[in-house]
Amino acid sequence: MISERPVAVQDKSLRPFEYKGQHLPFEGIPIEWEKGKWEFYHPDIGPVIKPTYPLLNPSYWNEIVDRFKEGKTAAVFMMGNYGVVKNLEAPEWENSKNVGSADALFDKVKKRPRQQNFVALAHPEDMIDVIDIDRVDVRLRSQFRSPHKREQLYVGPLHIIVPVKDRGFVNRALIREEDKTIAVFWAPHFAFEGLVASARKRIKHGILGGGSLNIHGKDPCYNKQELYEEMARQKDWLEEIDFIVFDDIVEAANVGRSHTMVRFSGRQPELVRVGSLSKERIEERTGYPIATSSNVKYASSTTGYSDETNAIADRKVKEVLLQVERFAGFLKSSLNSSARR
């Protein structure tokens with residue numbers, strides 16, 4: 001429960017929300033380990049309760065995916081900031097009740113034009129289902145034909161832009177119509193892998209997709225408190241966002257920056273957005289020299305861009321991914337220990 005009584009949306013002194021469930025401590029981080037709830041009050045719609053889930057707890061992955069399957073929309077911590085995620089159905093499976101449709105994401109959550117496509121959340125193994133290999137430069141095709149090599153591209157949280165198959169089974173909101181490309185987000189994070197593995201089994205006609213959780217042209221939220229306060233102010237978010245998914249380990253790292261974007265639809269990989277993951281680290285991992293677009297953009301960030309701040313963000317990403325890996329090992333050993341008892 002957040003407070004003893006609902007907080008009015010006009011109240012600028014919002015009190016801290018309160019979690020009363022079990023914590024799982026890890027390396028000094030108190031991880032919320034159980035489902036919780038956030039409570040709001042808006043003068044137009046009254047009291048609102050939103051369930052919260054810990055991404056790091058595997059026991060909730062199927063439940064989260066089932067909510068996506070029902071057409072629900074989530075605020076999810078995405079390796080640096082909060083994003084909005086929904087199951088976006090193939091065109092023939094969208095229905096009039098907005099299940100599987102991106103309309104509400106465009107009109108009520110992001111409030112942005114439809115030509116600015118959303119991003120797919122997909123495991124590199126599944127990318128082959130949407131990549132138009134024939135339109136990938138011949139020198140890069142071997143990289144994208146191999147699941148292992150596709151996974152190698154993701155040294156950290158990254159958006160990779162590739163030519164997309166235009167055969168009617170990808171929601172139009174995920175396609176950049178201008179050049180028929182799709183942006184695919186992934187990060188080497190055990191919980192994303194588990195969540196998407198569950199989605200692969202339980203969702204048959206759609207792809208998880210979305211973008212940063214912000215009104216178009218404004219900054220996203222980088223922590224729970226910011227998200228709570230912004231949701232309290234946004235009536236449309238209270239109506240459209242059905243639940244919230246936390247990642248306490250990555251949030252505690254305070255990366256404070258959205259994601260890098262690299263385009264693989266030309267003769268050479270091209271950096272089109274500077275973000276938390278450095279171009280140099282991507283080049284080192286993949287072995288490809290990456291050109292920088294003449295109109296390169298900069299991801300949302302809590303700091304300005306300089307050699308120093310870029311190096312700090314890159315280091316935070318590297319360190320927190322190692323920490324997440326240690327946590328996955330800790331969970332595995334704990335489960336094995338329990339099984340032996």
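In the predicted model, F264 is in contact with L140, F144, L153, I160, I161, V162, P163, P269 and Y288, when residues up to four places away in sequence are left aside. The residue is placed in the loop between β13 (260-263) and β14 (270-274), and with a relative accessible area of 3% F264 is buried, because the cut-off for that class is under 20%. Along the chain F264 and K37 are 227 residues apart, and their C-alpha atoms are separated by 41 Å.

A second buried position is D314, which belongs to helix α10 (residues 307-340) and has a relative accessible area of 13%. Apart from residues up to four places away in sequence, D314 touches S276, L277, S278 and R281. In the same helix, α10, E319 and R315 are four residues apart and therefore separated by about one helical turn; the two residues form a salt bridge in which the closest N and O atoms are 3.6 Å apart. Both ends of this pair are accessible to a degree, since E319 at 45% relative accessibility counts as partly exposed, and R315, with a relative accessible area of 43%, is likewise partly exposed. Elsewhere, salt bridges that share partners join K108, K111, D236, E239 and E240 into one network.

In total, the structure holds 24 salt bridges. One of them joins the side chains of K224 and E32, with an N to O distance of 3.1 Å, and this pair links distant parts of the chain, K224 being in helix α6 and E32 in strand β2 (residues 29-32), 192 residues apart. Both K224 and E32 are buried. Within helix α6 (residues 224-233), the buried residues are K224, L227, Y228, E230, M231 and A232, while the N-terminal end of α6 is capped by N223, a side-chain oxygen of which lies 3.2 Å from the backbone nitrogen of Q225.

The side chains of R114 and D103 also meet in a salt bridge, at 3.1 Å from N to O. R114 lies in the loop between α2 (103-110) and β7, whereas D103 is in helix α2, so that the pair ties together parts that are eleven residues apart in sequence. Unlike the buried K224 and E32, R114 is partly exposed at 41% relative accessibility, and D103 is partly exposed with a relative accessible area of 38%.

Empty space was examined next. Rolling a probe the size of a water molecule over the atoms shows where such space is left. The count of cavities of 30 Å³ or more comes to one, and the largest cavity has a volume of about 40 Å³. The lining of the largest cavity is made up of F68, V76, M78, V85, L121, F192, L195 and L208, a set that divides into eight nonpolar, no polar and no charged residues.

The second largest pocket holds about 420 Å³ of space. Its lining comprises 21 residues, of which A122, D126, D129, G206 and I207 lie nearest the centre of the pocket. The elements that give two or more residues to this lining are β7 (119-121), β10 (181-186), α5 (190-202) and β11 (206-212). By residue class, the lining of the second largest pocket divides into 13 nonpolar, four polar and four charged residues, whereas the lining of the largest cavity has no polar and no charged residues.

Terms used
Residues are numbered from 1 along each chain as its sequence is written. This is a predicted model: local features need pLDDT of at least 70, side-chain atom pairs count only at pLDDT 80 or more; totals for chains, interfaces and linings use all residues. Side-chain values use heavy atoms; hydrogens and water are left out. Buried means under 20% relative accessible area, exposed over 50%, partly exposed in between (1.4 Å probe, protein chains only). Contact means heavy atoms within 4.5 Å. On a 1 Å grid over the protein atoms alone, a cavity is a set of points where a 1.4 Å probe fits but cannot get out, and a pocket is an open set with protein on both sides within 12 Å along at least five of seven lines; lining residues have an atom within 4 Å of a point. Grid points are joined across faces, edges and corners, and a volume is the space filled by probe spheres set on the points. Ala, Val, Leu, Ile, Met, Phe, Trp, Tyr, Cys and Pro count as nonpolar, Asp, Glu, Lys and Arg as charged, and the others, Gly among them, as polar. A polar contact is a pair of N or O atoms within 3.5 Å; within protein, one must be able to donate a hydrogen and the other to accept it, and residues adjacent in sequence count only if both atoms are side-chain atoms. A salt bridge is a side-chain nitrogen of Lys or Arg within 4 Å of a carboxyl oxygen of Asp or Glu.
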